[in-house]
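Visitor: I'd like a close look at one helix and whatever packs around it. Could you walk me through that part, and then move on to its surroundings?

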Amino acid sequence: TKKKGKNTKKRIVITAHIDAKAGTPGAIDNATGITVLLLLSELLKDYKGKYGIELVAFNGEDYYAVPGQMKYIEQNEGKFENIILNINIDGAGYKEGLSGFSAFQLPEGIQNKLTEVIQNHPDIVEGLSWFQGDHSIFLQHGCPAVAISSNWLIENIESQNITHTPKDNLEIVNYRRILECALAIKNLINSLEENH
């Protein structure tokens, strides 16, 4: 979905992936990310800012050939320099802990805006760096990114046994975290309109 802003050449791309593996409901990997995209489509419906807003649901993120990402790269060849920011949601909404917003290669102005948003949302913290998500394709093309997940999940990524198992079900979701993530993303987008 694309929402045209005043300067549609420059855009913010918000991503989440829709695929799940057999034998898992895929609640936080990644139904919650898609839910944030759906919430943003409503929260930003009246957006008339200077940037184009692109909501992208990738398929195949957990498949070795990443077909959704490869198609996106093909369709956007030569256009990545117009992306001022990628925001990727993956693993958000876990019942334990807070949400983590991880910054990658952010220009100082965007980093400052992100810091303000985090400070204004007490259930969001600055997250650790992690690269196992769709934000990596944007980083590889020189785009700054913010990756949004559950802080607990990122801190325990190597030892957790939830994703890709039957444990990844609605019982482990904190719905309030999903709404907080969507509202914080909206606030970040609105703040980028100011002096950027």
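Guide: Let's start with a crossing: helix H3 passes helix H6 in a right-handed sense. Keep in mind that this is a predicted model. H3 covers residues 108–120, and its axis comes within 10 Å of the H6 axis, with the two crossing at roughly 140 degrees. That angle is why H3 counts as oblique to H6. If you want to click through the contact, the H3 side is made by Ile-110, Lys-113, Leu-114 and Val-117, and the H6 side by Ala-184, Asn-187, Leu-188, Ser-191 and Leu-192. Sorted by character, the residues of this H3 contact with H6 come out as 6 nonpolar, 2 polar and 1 charged.

Now slide along to the loop between H3 and strand S6, which is where His-121 sits. Is this histidine buried or exposed? With a relative accessible area of 13%, His-121 falls under the 20% cut-off, so it is buried. Its contacts, leaving aside neighbours within four places in sequence, are Glu-180, Leu-183, Ala-184 and Asn-187. You've met two of those names already: Ala-184 and Asn-187 are also among the H6 residues that touch H3.

Strand S6 itself spans 124–126, and Glu-126 lies in it. For Glu-126 the relative accessible area is 56%, which is over the 50% cut-off, so this residue is exposed. Even so, Glu-126 touches Phe-101 and Ile-118, not counting residues up to four places away in sequence. For a sense of span, take Glu-126 and Lys-50: they are 76 residues apart in sequence, and their C-alpha atoms are 26 Å apart in space.

Back to H6, residues 175–192, because it has another helix to deal with: H1, residues 27–43, whose axis comes within 9 Å of the H6 axis and crosses at roughly 45 degrees. With that angle, H1 is therefore oblique to H6. The H1 crossing with H6 is right-handed. On H1 the contact is made by Thr-32, Thr-35, Val-36, Leu-39, Leu-40 and Leu-43, while H6 brings Ile-178, Leu-179, Cys-181, Ala-182, Leu-183, Ile-185 and Lys-186. That set of residues divides into 10 nonpolar, 2 polar and 1 charged. Leu-183 is worth a second glance, as it is part of this contact with H1 and also touches His-121.

That leaves the strands. Phe-101, the residue touched by Glu-126, falls within strand S5, residues 99–104, and S5 pairs with strand S7 in the antiparallel sense over 6 bridges. One bridge to look for there is Ala-103, whose partner in S7 is Val-146. S7 runs over residues 145–150, and 6 of its 6 residues are buried. S7 also pairs with strand S4, residues 83–89, this time in the parallel sense over 4 bridges. In that pairing Asn-86 stands opposite Ala-145 of S7, and Ile-89 stands opposite Ile-148 of S7. S4 is mostly covered too, with 7 of its 7 residues buried.

Technical notes:
Residues are numbered from 1 along each chain as its sequence is written. This is a predicted model: local features need pLDDT of at least 70, side-chain atom pairs count only at pLDDT 80 or more; totals for chains, interfaces and linings use all residues. Side-chain values use heavy atoms; hydrogens and water are left out. Buried means under 20% relative accessible area, exposed over 50%, partly exposed in between (1.4 Å probe, protein chains only). Two strands pair if DSSP finds at least two bridges between them. Axes are lines fitted to C-alpha atoms, for helices over the stretch in contact, and angles run from 0 to 180 degrees between N-to-C directions. Angles under 35 degrees count as roughly parallel, over 145 as roughly antiparallel, 65 to 115 as roughly perpendicular and the rest as oblique. A crossing is left-handed if the near helix is turned anticlockwise from the far one by less than a right angle, and right-handed if clockwise. Contact means heavy atoms within 4.5 Å. Ala, Val, Leu, Ile, Met, Phe, Trp, Tyr, Cys and Pro count as nonpolar, Asp, Glu, Lys and Arg as charged, and the others, Gly among them, as polar.
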